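Okay, thanks for making time for me. I'll start with the overall picture and then settle on one helix.

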Amino acid sequence: MLPWNTEGCLQCKEPLKDRRLPYIQRICGHCLTNPPAFKATTAELLYQDPIIELIHDFKFNFSPRAGTLLVELMLANAPIALGDVLLPVPMFRSRARARGFNQAHWLANQLGQRLNLPVINAVCTRRLPSQRSLNRRQREENLLGAFQVQGPLPDHVTIVDDVVTTGATGQALAVAALSAGAKQIGIWAVARTPLDKSC
């Protein structure tokens with residue numbers, strides 16, 4: 001059985017504790033007090049088993065089978081408004097070389113081919129320390145000014161990533177995309193890390 005993220009915040013898709021809220025009121029406290037640069041997030045699965053295993057197999061073993069399954073899951077739960085272009089989260093060049101590929105770029109290319117949407121690229125301007133042990137505020141500080149996007153961009157840009165943890169990466173890339181001329185940013189990912197693991 002897949003861990004669906006059916007009660008997430010409409011803006012960042014963080015799983016909400018109060019599941020009785022009307023749909024229109026499903027905005028988390030963080031998005032209410034610090035509205036992000038992106039308008040909506042589509043991440044319809046939780047980052048829990050078996051999704052963790054599937055993403056790890058794709059990300060660290062570059063399993064095309066796992067990647068294809070992730071693409072199918074994303075397509076089955078596509079954003080209502082897809083936007084004009086897909087923008088994968090970039091990796092610093094040396095990190096991408098060490099891993100052998102950029103998983104967000106691979107996903108965006110597959111989705112772009114299937115949906116007939118162009119894929120544009122951003123640049124990660126510096127080697128970032130690992131985000132894994134950082135909380136939301138530390139991640140945001142870590143990512144300040146880390147991305148550059150060549151403009152002018154079309155009005156509606158959809159950022160593609162594998163997992164949304166705190167939303168800090170999407171926030172930093174959304175700020176860069178808005179600076180390059182975009183007017184509306186959405187995020188599309190496979191999964192969202194549950195609340196208790198992302199604060």
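Before we talk about packing, a quick word on terms: a contact here means heavy atoms within 4.5 Å. And keep in mind that this is a predicted model.

So, the overall picture. The protein has seven helices and seven strands. Starting at the N terminus, the order is α-β-β-α-α-β-α-α-β-α-β-β-α-β. There are 199 residues, and 48% of them are buried. The exposed area comes to about 10200 Å², with 53% of that supplied by carbon and sulfur atoms. Now look at contacts between residues at least 6 apart in sequence: 75% of those join residues at least 24 apart.

Right, on to the helix I picked, α3, which covers residues 64-76. What span should its 13 residues give at 1.5 Å a residue? The expected value is 18 Å, and the end C-alpha atoms sit 18 Å apart, so the two agree.

Which residues of α3 are buried? That would be A66, G67, L70, V71, L73 and M74. Around the axis they take up an arc of only 160°, so they lie on the same side of α3. Flip to the other side of the helix and you find P64, R65 and A76, which are exposed.

And what do the buried residues of α3 pack against? Two helices are on the list, α2 (51-61) and α5 (103-115). The strands there are β2 (45-46), β6 (156-164) and β7 (184-192).

That's my tour of α3, and I'm happy to go back to any part of it.

Technical notes:
Residues numbered from 1 in each chain as written. Predicted model: local features only at pLDDT ≥ 70, side-chain atom pairs only at ≥ 80, totals over all residues. Heavy atoms only, no water. Helix = DSSP H or I, 4+ residues; strand = E, 2+ residues; numbered from the N terminus. Buried < 20%, exposed > 50% of the residue type's maximum accessible area, 1.4 Å probe, protein only. Areas by Shrake-Rupley, 256 points an atom, 1.4 Å probe, with all protein chains shown as cover. Expected span 1.5 Å × (residues − 1). Arc of directions from axis to C-beta.
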